[in-house]
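These are my notebook entries on a single chain. I set down what I looked up, entry by entry.

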Amino acid sequence: MFFQKKMNKDSDGNHEVNMTPLIDVSLVLVVMLMMATPLAFESSINVKKSRPSAKVSEQESHRERVEVRVFSEDSVRVNLTVVPRKELTDTLRPLIASSVDGFVVVRCDDDVTHGTFVDVLDQAKMSGASEIAVVGR
């Protein structure tokens, strides 16, 4: 009987909740959110879907636009003129400035890398384009 009473006194033990795993998980989530938030705002391209029917687009007036076609890593065609990609911004600025609405249409060939295509989009935006349309097949 003496042994039982002693067991009951010692079995009271420590009944506190261990908060260390909860704190560790919370801190990892905070760090992940802090790292992911700037990526969400870094690069965003707004995409508008095309009209559901051709009748609606026929009623719109013809827009004045600048057409850019990326056909290689080093060269692009602006309207009908072939331009080195390094000079694209200098070529686009006067064309977009003289345009009424600053509308630019960009086409890209299949063999051009994604990085080159995005660079052309960035240059068009920095040149003053208010709207950029990407045309695919």
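I call a residue buried when its relative accessible area is under 20%, exposed when it is over 50%, and partly exposed in between, with a 1.4 Å probe and protein chains only. By that scale I entered Gln123 as buried, because its relative accessible area is 11%.

**Basis of the entries.** I worked on a predicted model, in which local features need pLDDT of at least 70, side-chain atom pairs count only at pLDDT 80 or more, and totals for chains, interfaces and linings use all residues. I number residues from 1 along each chain as its sequence is written, and side-chain values use heavy atoms, with hydrogens and water left out.

**Elements.** I took helices (H or I, at least four residues) and strands (E, at least two) as DSSP runs numbered from the N terminus. I found five helices and five strands in the chain. Read from the N terminus, their order is α-α-α-β-β-β-α-β-α-β.

**Totals.** Of the 137 residues in the chain, 18% are buried. I obtained an accessible surface of about 11300 Å² for the chain, and carbon and sulfur atoms hold 58% of that surface. These areas come from the Shrake-Rupley method with a 1.4 Å probe; for residues, only the protein chains shown count as cover. A contact in my notes means heavy atoms within 4.5 Å. Among contacts in the chain with a separation of 6 or more, 64% join residues 24 or more positions apart.

**Strand pairing.** I count two strands as paired if DSSP finds at least two bridges between them. Strand β1 (residues 65–70) runs parallel to strand β4 (residues 103–108), with six bridges. I noted Val68, whose bridge partner in β4 is Val106. β4 also pairs with β5 in the parallel sense, over five bridges. There, Phe103 has Glu131 of β5 as its bridge partner.

I then looked up the handedness of the connection and found that β4, α5 and β5 form a right-handed β-α-β unit. Right-handed here means that, with the strands pointing away from the viewer, the path from the first strand over the helix to the second runs clockwise.

**Gln123 and Ser127.** Gln123 belongs to helix α5. Apart from neighbours within four places in sequence, Gln123 touches Arg85, Leu88 and Thr89. Ser127 sits in the loop between α5 (114–126) and β5 (131–135). Is Ser127 buried or exposed? I entered Ser127 as buried, because its relative accessible area is 8%. A polar atom of the Ser127 side chain lies 2.7 Å from the backbone oxygen of Gln123. I list this as a polar contact, that is, a pair of N or O atoms within 3.5 Å; within protein, one must be able to donate a hydrogen and the other to accept it, and residues adjacent in sequence count only if both atoms are side-chain atoms. With neighbours within four places in sequence set aside, Ser127 is in contact with Thr89, Leu92, Arg93 and Ile96.

**Ser98.** Ser98 lies in helix α4 (residues 88–98). I entered Ser98 as exposed, because its relative accessible area is 53%. A polar atom of the Ser98 side chain is 3.0 Å from the backbone oxygen of Leu95. The C-alpha atoms of Ser98 and Glu64 are 10.0 Å apart, with their positions 34 residues apart along the chain.

**Salt bridges.** How many salt bridges does the structure hold? I counted three, each a side-chain nitrogen of Lys or Arg within 4 Å of a carboxyl oxygen of Asp or Glu.

- Glu67 and Arg65 form one, with their closest N and O atoms 3.1 Å apart. Glu67 is partly exposed at 29% relative accessible area, and Arg65 is partly exposed at 37%.
- Arg69 and Asp109 meet at 2.8 Å, N to O. This pair links distant parts of the chain, Arg69 in strand β1 and Asp109 in the loop between β4 and α5, 40 residues apart.
- Asp119 and Arg85 meet at 3.1 Å, N to O. This pair also links distant parts of the chain, Asp119 in helix α5 and Arg85 in the loop between β3 and α4, 34 residues apart. I entered Asp119 as partly exposed at 28% and Arg85 as partly exposed at 22%.

**Asn79.** Most residues other than glycine have a negative phi. Asn79 has a positive phi, near 55°. Its place is the loop between β2 (75–78) and β3 (81–84), and Asn79 is partly exposed at 34% relative accessibility.
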